[in-house]
Each structure stands twice: as structure tokens, then as C-alpha cells.
Amino acid sequence: MSRVSDILAAKGGDVFGVAPGATVQEALEQMVEHNVGSLVVMEEEEIIGIFTERDFLRRVALNGMPPASTQVRDVMTERLIVVEPDKSVEECMAIMTQARIRHLPVMDRTRLAGVVSIGDLVKHLSDEQEVHIRYLTDYIVGRYPG
């Protein structure tokens, strides 16, 4: 059974963060620059929230708030759901589906180990299935030594 730590090992543990006093415009520019859908909101070394594309759409764009002067702290999601690195990929998918979230911070005790997205999980499971299918196909057609 695959663990979220396997995904982080493959994709790297880079975590992109933003200060709560940053503007939404600055956060969006950083998200575009790094090609990510969320930023962890950090105050010094403490995680205080997450800012996502969905936060922007629901709390900024739809309310006509100006991104250049709206601070991230005013529109971020404060209630964080986090998982440990040993959590299974399937458990993470269930958590994300039930909570209707697309980004999941991974905490290794008190250290932020990374963030996984629903896309990361789906890609990992798809890659695993591809390997299984190739193995079974080779077995069936007799190309597998064994």
C-alpha cells in the first residue's frame, strides 16, 4: 500500500508559502510562478492557514475584492486538515473527498514535510495501475520469466 511519503519522495518536498500580510495579488503571482494551486500561510515558523485557488474565487473574485490590496490573512482557509507521511494514498483520497479539499499539508511531527494535491494522488494511483497492468499483460502473454 502506497504512502503519502512515497509521493513526496517522488515529487520533492518543496513547499511554497506566503506571509499572512502579503496581498492576494502577490500570492497569485507566486502560485503562477511555481505552478501550484495553493500556498501554505506561515507566520514565522507556524502554519496558520492555506490559501488556494478556490479561496481566491470564492472570497475575492466573487465578492469583488481588490487583489492588490486584500491581504491573504483575510481570505485564507484557517481550518487545516493535515496528515502524517505514513498515511496511505487511499486514506488521503478519502479525507480529501469527504472534506471537499484539493490540497493536503503533510506534517512530520512538527515539521511541514510537503503538500500533496488530489492530482498528485490520482497520478500516483494511475502510475501504479499502469505498472500492474503491464505486469499482468506480460504474464498472460508469457513474457514474464517465472
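Below are a few worked exercises on the structure shown above.

This is a predicted model, where local features need pLDDT of at least 70, side-chain atom pairs count only at pLDDT 80 or more, and totals for chains, interfaces and linings use all residues. Residues are numbered from 1 along each chain as its sequence is written, and side-chain values use heavy atoms, with hydrogens and water left out.

**Exercise 1. Get your bearings: how many helices and strands does the protein chain have, and what pattern do they follow along the sequence?**

Step 1. Count the elements: there are 5 helices and 5 strands. Helices here are DSSP runs of H or I with at least four residues, strands are E runs of at least two, and both are numbered from the N terminus.

Step 2. Read along the sequence, and the pattern is α-β-α-β-β-α-α-β-β-α.

Step 3. Check the burial: 33% of the 146 residues are buried. Buried means under 20% relative accessible area, exposed means over 50%, and partly exposed is in between (1.4 Å probe, protein chains only).

Step 4. Add the contacts, meaning heavy atoms within 4.5 Å. Of those between residues at least 6 apart in sequence, 54% join residues at least 24 apart.

**Exercise 2. Work out the open sheet: what is its strand order, and which strands stand at the edges?**

Step 1. The sheet has 3 strands in the order β1-β2-β3, with mixed pairing. Two strands pair if DSSP finds at least two bridges between them.

Step 2. β1 (17–18) and β3 are at the edges with a single partner strand each, so one side of each has no neighbour in the sheet.

Step 3. Now zoom in on one pair: β2 (residues 38–43) and β3 run antiparallel to each other, with 6 bridges. In that pairing, S38 sits opposite T52 of β3.

Step 4. Stay with T52, which is buried at 12% relative accessible area. Leaving out residues up to four places away in sequence, T52 touches M31, G37, S38 and H103.

**Exercise 3. Place α2 against the sheet: which strands does α2 lie across, and which of its residues are buried?**

Step 1. α2 lies across β1, β2 and β3, at about 80 degrees to β3. For such angles, axes are lines fitted to C-alpha atoms, for helices over the stretch in contact, and the angles run from 0 to 180 degrees between N-to-C directions.

Step 2. The buried residues of α2 are V24, A27, L28 and M31. They span an arc of only 100 degrees around the axis, which puts them on the same side of α2. The arc is that of the directions from the helix axis to the C-beta atoms.

Step 3. A handy reminder: an α-helix has 3.6 residues a turn, so residues three or four places apart point the same way.

Step 4. Look for the cover: β1, β2, β3 and α3 are among what covers the buried residues of α2.

Step 5. Just past the helix, α2 is followed by N35, with a positive phi near 55 degrees.

**Exercise 4. Sort out α3: which of its residues are buried, and which are exposed on the other side?**

Step 1. D55, F56 and V60 are the buried residues of α3. Down the axis of α3, they fall within an arc of 95 degrees, so they line one face of the helix.

Step 2. Their cover includes α2 (24–34) and β3 (46–52).

Step 3. Flip to the other side of α3, and L57 and R58 are exposed.

**Exercise 5. Compare three arginines: where do R59, R100 and R109 lie?**

Step 1. R59 belongs to helix α3 (residues 53–61) and, with 32% relative accessibility, counts as partly exposed.

Step 2. Not counting residues up to four places away in sequence, R59 touches M65, V75, M76 and T77. Its side chain also makes a polar contact with the side chain of T77, at 3.3 Å. A polar contact is a pair of N or O atoms within 3.5 Å; within protein, one must be able to donate a hydrogen and the other to accept it, and residues adjacent in sequence count only if both atoms are side-chain atoms.

Step 3. R100 is in the loop between α4 (89–99) and β4 (103–108), and is exposed at 66% relative accessibility. R109 is in the loop between β4 and β5 (111–117), and is exposed at 79%.

Step 4. Finish with the backbone. Most residues other than glycine have a negative phi. R100, not a glycine, has a positive phi of about 55 degrees, and R109, also not a glycine, has a positive phi of about 60 degrees.
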